Amino acid sequence: MSSVLSGARAATNPLRQLTIDQLRQRTSLKWREYPDDVLPLWVAEMDVPLAEPVARAITNAVARGDTGYPAGTAYPEALSEFARRRWGWDGLAVERTALVPDVMHGVTEALRLVTEAGDAVVVNCPVYPPFYAFVAHAGRRIVEAPLGDDLRIDLDTLEDAFRRARAGGRPAAYLLCNPHNPTGVVHTVDELAAVASLAQRHGVRVVADEIHAPVVDAEARFVPYLSVPGAENGLSLMSASKGWNLPGLRGGLLIAGPAAAATWPAFPTTSVSAPATSA
Ligand SMILES: Cc1ncc(COP(=O)(O)O)c(C=O)c1O
């Protein structure tokens, strides 16, 4: 019986559906930038076919020639519904979201909203290396708060970094990676509430990169940063990119907490857009 079941599972295992020759026909970074004997596992692309409903929506949009500028709120509405079902969070208000070209450009815009040129952005190293380049590109400077030996956020180290970042009373931001890349650590509700309280106490604005949230196993209990008490003036970035293997289509969402409304009108809506978000 168990061998029949495992046979059936193997037949539908998406990781077995594409051959190496089929994967090598892909034109993406993972398959074109490196020699044939190198498998760049750091590139977050899935070696599986697209989920059927996703493939159908994209195919239909292309068949209609429906590839113009995105309009409407289908993307944030879908994310809001997903957040309710998956994380039990009903605070993702569509009117406090904005489409951004992708998560890292959304991070850049968010940092520009809450800090000025030359201000500090705190990161928990080791962290997704492009954080450094994008912070520099935004004209801000990095202040490091290394993770603890247990690879979790060390609150004392973070507080010290917040003090250094706010020296002279300048605005400062904290670029939180939730869940953390590269460790895969999923921050707990208590950790995030402590982070929010520390940020409030030191007047640091939190920008949470939550791009990997949809791939976190339900049992590991991902907690959206904006759902914790004290995080109301935070900003979050989410995307369908990682969960549904869509980085080539671009498209992220910037989400503001309820107390970030004062920041919100400054958002340069004309500079942001994302393709096929209504498909
Ligand atoms: C933590 C993190 N943020 C952002 C990105 C890039 O996202 P995007 O392509 O939407 O800018 C990645 C890609 O791997 C990532 O790991």
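**Figure 1. Two domains in a predicted model, with C-alpha centres 30 Å apart.** This view of the predicted model takes in domain 1 and domain 2, whose C-alpha centres are separated by 30 Å. According to the domain assignment of the protein, domain 1 covers 2-49 and domain 2 covers 74-271. Five residues from domain 1 make contact with five residues from domain 2.

**Figure 2. A close-up of the area buried between domain 1 and domain 2.** The size of an interface is often expressed as the accessible area lost when the parts come together. Here, about 350 Å² is buried between the two domains, and carbon and sulfur atoms supply 54% of that area. On the domain 1 side, look for Ala44, Glu45 and Met46, which lose the most area to domain 2 and together make up 91% of what that side buries.

**Figure 3. Polar and charged features where domain 1 meets domain 2.** If you go hunting for salt bridges between the two domains, the count is zero. One residue pair is in polar contact across the two domains, with both residues at pLDDT 80 or more. The residues on the side of domain 1 that touches domain 2 comprise three nonpolar, no polar and two charged.

**Figure 4. Cis peptide bonds at Pro179 and Pro182, in the loop between strand 4 and helix 9.** Most peptide bonds are trans, so the bonds in this view deserve a friendly second glance. Asn178 and Pro179 are joined by a cis peptide bond with omega of about 0°. Pro179 sits in the loop that runs between strand 4 (172-177) and helix 9 (189-202). A cis peptide bond also links Asn181 to Pro182, here with omega of about 20°. Pro182, too, belongs to the loop between strand 4 and helix 9.

**Figure 5. Arg221, an exposed residue with positive phi.** Most residues other than glycine have a negative phi. For Arg221, phi is near 55°, a positive value. Arg221 is placed in the loop between strand 5 (204-209) and strand 6 (235-239). Its relative accessibility is 66%, over the 50% cut-off, so Arg221 counts as exposed.

**Figure 6. Asn245, a buried residue with positive phi.** Asn245 is another residue other than glycine with a positive phi, near 55°. Its setting is the loop between strand 6 and strand 7 (252-256). Is Asn245 buried or exposed? Its relative accessibility is 15%, under the 20% cut-off, and therefore Asn245 counts as buried.

Conventions: Residues numbered from 1 in each chain as written. Predicted model: local features only at pLDDT ≥ 70, side-chain atom pairs only at ≥ 80, totals over all residues. Heavy atoms only, no water. Domains from an automatic or database assignment. Contact = heavy atoms within 4.5 Å. Buried area = accessible area lost by both parts, 1.4 Å probe. Salt bridge = Lys/Arg side-chain N within 4 Å of Asp/Glu carboxyl O. Polar contact = N/O pair within 3.5 Å; in protein donor to acceptor, adjacent residues only side chain to side chain. Nonpolar A, V, L, I, M, F, W, Y, C, P; charged D, E, K, R; others polar. Helix = DSSP H or I, 4+ residues; strand = E, 2+ residues; numbered from the N terminus. Buried < 20%, exposed > 50% of the residue type's maximum accessible area, 1.4 Å probe, protein only.
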